[in-house]
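Q: Could you take me through this structure feature by feature, with the general idea before each case?

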Amino acid sequence: MVGKEAKKRRFNIMTHSPFKEVVITGVGVTTPLENGKGTDEFWYALCRGVNAIKPISEPFALGHKCAVAGKVGDFQRFLDASWTGHDRCAKLFALACQHALMDSKVDRHLIPNMGIIAGTILGGIISGEQYMRELSKPEKAAALLKQYCLASTADAIKNRYSLRGPAGSVSTACCSGADAIKIAATQIRNGRADIMIAGGADVFSEFAFRGFSALNALTTDGKVRPFDKDRKGLALSEGAGVIILEEKKHAQDRGARIYCSLASFASSADACHMVRPNPDGEGLSRSIQNALSSIADVDGDIDYICAHGTGTQYNDSMEAKAIKRVFGKKTSTISVSSIKSMIGHTLGAASAIEAICCVKAMEKSTIPPTINLEKYDPECELQHVAKKALIKNINMCMSLSAGFGGQNTALVFKKHN
Amino acid sequence: MRTEIAITGMSVLSGAGGSASALCKHCVDGKNAASDINIEAYENDLVSVNSGERELYRIQKMLFIAFLKASRMARAGSEAILPERTGICLGNCHGLEEFRSGFFNHYTKSEPALTSPALFPFTTANALASWLAIQTGVKGANLTFISDGTSSAEAILAACDLITANECDAVFVGGISVLDLNLRDEFLAAGFRHEIAGMLLLESASHARSRGIDPIAVLKDIKNISLTKDEMAAVRQNGSILKILNKTRSNLSPDIAEMVYLGNELGDNGPGLVPRDALTSMEKLNVFPLNAVVGNIFDAAGVFGAALSVELLDRQNNGKWCPLRSSQEGILHSTVNSSGTAITMLIRKA
């Protein structure tokens, strides 16, 4: 079954099937922008175009061309003492989860029914680096190894809240957070859960810094300039984004505030290169197209795209091509921005935080800007929201992510009526 | 799950040989299969991918051979399987530890300007699945699961969901476990014995039949649940998950045969490995304790347990001795990781 037939069948499955509708009832972030103070602070700073990427003083950064990063300030004061002894990655996620659960106002007795899907690229890598340094001290090794395990973030949340629903951890490069959201939504669609915690987290680490620096992917002028002609690369950062996904009727029955629905999603692989994306954007365009083809309201248009927009030469031009490939002339009606210009690249957390940006943009009818975008690259000609936020009514928006190995994921959010 | 999901291709590589039936025979004969995979036997198959600037890493070879064998069994090279509608789901939490420690050791000794990026792309868990997509041209959804012992079982579940949602027509589901020499003691303490790579090809039964392929087995009733501490303790004590499932979540026949993997964390002490005693307990309880017989195979447990379940069902059908008593419902295959995530599925002959 190919092409149009496959699309038609998928559309029919999504619209006429017993698959349940998934809505968003809570969001929470921990990023260098608000340093854990809450999603409202994050959103206001984002719309004001605040730059959270700052010079770093870590000894391991000496001698590198890049001397900036995004780091979350003292956020642990917002966590209770039970999180002592966990890796930083788990703590970032825990705080975002705490904010999301409060935002969703889920009754405490309902929380154990929830499940969790967490995405990360390097997980407890700080514990991992410490473990590798202290291999000669076995008495410390066991605890560090447990924190280092990639699944430790999801496990920590599951244990803390005694969750009994579906659980899992996924790692798909920069698409990790989005794929976690996608997999969690699938549990609800298929009737395995009524309510799920989903999101991503990653920390700023020497490991990642040395790796991206060796690949010459890091910015060399202290700024992240997505889609700019003079863009010089990305800035590493850290953070977490968590969404509460819920089956629509379940949310309505408990009187929850519904932000929007997660209308559709799709993933694809470039199958091209271990690091660089397929330059013509074919893989990402397939994710976009597949996500669009399964939306019930085919008359609706995408009003805003929260781009992956890392600020690298390869990604930004690929992404612009993918968007134009799918939307054609309609590209000029779609506002685009990249919040990585402000918070940097939070790796596995990025696509989850950007999903939250879509949710908030729809709620507040405001699109945060791409800062540092001064000279548009002709290869990246899109309807950029640059320098300052744009007030715009958004009925449908999309979050895009693309990662190492050719991973691509598109999430589509629709206003809830 | 509305769509009937079929297994149409299957492969397991281990020290016992290149097939699930070879390892199954080792297990039921009580033999020790704890040796390296004879990769050299597959050099001809690897020629097409092993011709780059550098020799493939061992883990890449294992994964590719597993893929080739499963895909050949399912005749997946046919035009009816489109690359854009074929996905890859892989369980790989620990497989790339050697690359992470290798990159760590490299950069801690190198100046910034002299740090090579060569190893870095292989330090992210999704690298293997992405590499496989590049080699095979498989362009559908590409997901890597990192939940320790339930990794490849979650991959099976995700694959079924991709097919049910019509996002993919077919999905290659893999699980791979190798010994990292830097973590050798921790792996061995946790009960690791084999390097192992397994691959299944899943597709809807109707899609398989439409391209002239008879399913080998079908999967039904897949669940993803989190056990409480008390439930975990009960499962560990009894070696069986059936009673716990039937208490609150299922209504399965109490006579159903079980294939059970109980994971423990890297570095924790694993269960004792005594195949003869394990075989005796199997017949009494109608439970095949995967760890006790095969060892702790971490990420590969889901795929391997599914493949072994199919082999045991074949044994029953062919009148060969089988440690599990037959049941029309098939075998309940369960993987439980150390944090209590449990993925369960019924596997029946098609």
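Confidence, interface and side-chain pairs

A: Start with confidence, as this is a predicted model. Chain B has a mean pLDDT of 89, with 94% of its residues at 70 or more.

Q: What is the average pLDDT of chain A, and what share of its residues score at least 70?
A: pLDDT expresses the predictor's confidence residue by residue. For chain A the average is 93, and 93% of the residues score at least 70. Residues 1-17 of chain A have pLDDT below 50, and this stretch has 32 contacts in the model beyond near neighbours in sequence.

Q: What are the ipTM and pTM of the model?
A: The model has an ipTM of 0.95 and a pTM of 0.96.

Q: How many residues of each chain are in contact across the interface of chain A and chain B?
A: On the chain A side 70 residues are in contact with 68 residues of chain B. About 5500 Å² is buried between the two chains, and carbon and sulfur atoms give 59% of that area.

Q: How many salt bridges does the rule find across this interface, and how many residue pairs are in polar contact?
A: The rule finds 4 salt bridges between chain A and chain B. One salt bridge joins Lys139(B) to Glu282(A), with the closest N and O atoms 3.8 Å apart; the cut-off is 4 Å. Polar contacts between the chains number 28 residue pairs, both residues being at pLDDT 80 or more.

Q: Which element gives the largest share of the side of chain A that touches chain B?
A: Helix 8 of chain A (residues 206-214) gives the largest share, 7 residues. Sorted by class, that side of chain A has 36 nonpolar, 18 polar and 16 charged residues.

Q: How many salt bridges are there over all chains?
A: A search of the whole structure gives 36. In chain A, Glu206(A) forms a salt bridge with Arg133(A), the closest N and O atoms lying 3.1 Å apart. This pair links distant parts of the chain, since Glu206(A) is in helix 8 and Arg133(A) in helix 4 (residues 125-133), 73 residues apart.

Q: How many aromatic pairs does the structure hold, and what is the geometry of the pair Phe103(B) and Phe120(B)?
A: Over all chains there are 21 aromatic pairs. Phe103(B) and Phe120(B) form a tilted pair, 5.3 Å centre to centre with 45 degrees between the planes. Tilted covers planes that are neither under 30 degrees apart nor over 60.

Q: Why does this pair tie together parts that are 17 residues apart in sequence?
A: Phe103(B) lies in helix 4 of chain B (residues 97-108), whereas Phe120(B) lies in the loop between helix 4 and helix 5 (127-136) of chain B, so the pair ties these parts together.

Key:
Residues numbered from 1 in each chain as written. Chains lettered and ligands numbered in written order. Heavy atoms only, no water. Contact = heavy atoms within 4.5 Å. Buried area = accessible area lost by both parts, 1.4 Å probe. Salt bridge = Lys/Arg side-chain N within 4 Å of Asp/Glu carboxyl O. Polar contact = N/O pair within 3.5 Å; in protein donor to acceptor, adjacent residues only side chain to side chain. Helix = DSSP H or I, 4+ residues; strand = E, 2+ residues; numbered from the N terminus. Nonpolar A, V, L, I, M, F, W, Y, C, P; charged D, E, K, R; others polar. pLDDT = per-residue confidence, 0-100. Phe/Tyr/Trp six-rings, centres within 6.5 Å; stacked < 30°, edge-to-face > 60°.
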